[in-house]
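Reader: Please explain the terms applied to this model and the grounds on which each one rests.

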Amino acid sequence: MPIYAYGCSSCGLQQDVMQKMSDTPLTTCPECGKETFSKQLTAAGFQLKGSGYYATDFKNGSRPKTAPKTEPACAPCAESGSCPMAG
Ligand SMILES: [Zn+2]
């Protein structure tokens, strides 16, 4: 779950809030109670992972007949599950 950095423009409170990406952003400051609490641009602890492209397409080892001759360099280690790019 990503952690968002929030800040209040009224009292200057800085706080990291853990939220689901689907959660509604907070607007009420827990310190002063004003509607000036907002998400900051810098989000600590949030990092985009790989797209999962290989895990989805090659999950069963069955590949389309139109597969390109040049395999992605990452495919072998993605199948073994030890590749950092495989997520
Ligand atoms: Zn405040």
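Author: Two residues are in contact if their C-beta atoms, placed from the backbone, lie within 7 Å. Among contacts in the protein between residues at least 6 apart in sequence, 43% join residues at least 24 apart. The model is predicted: local features need pLDDT of at least 70 and side-chain atom pairs count only at pLDDT 80 or more, while totals for chains, interfaces and linings use all residues. Numbering starts from 1 along each chain as its sequence is written.

Reader: What makes a stretch a helix or a strand here, and how many of each are there?

Author: Helices (H or I, at least four residues) and strands (E, at least two) are DSSP runs, numbered from the N terminus. The protein has two helices and three strands, in the sequence pattern β-β-β-α-α.

Reader: How do you know that strands E1 and E2 pair?

Author: Two strands pair if DSSP finds at least two bridges between them. Strand E1 (residues 3–8) and E2 share five bridges in the antiparallel sense, and therefore count as paired. Gly7 stands opposite Gln14 in E2.

Reader: Why are E2 and E3 called edge strands?

Author: The open sheet has the order E2-E1-E3, with antiparallel pairing. Strand E2 (14–18) and strand E3 (37–39) each pair on one side only.

Reader: Why is Gln15 called partly exposed?

Author: A residue is buried if 20 or more other C-beta atoms lie within 10 Å of its own, exposed if 12 or fewer, and partly exposed in between; C-beta atoms are placed from the backbone. Gln15 has 15 such atoms within 10 Å, so Gln15 is partly exposed. Of the 87 residues of the protein, 7% count as buried.
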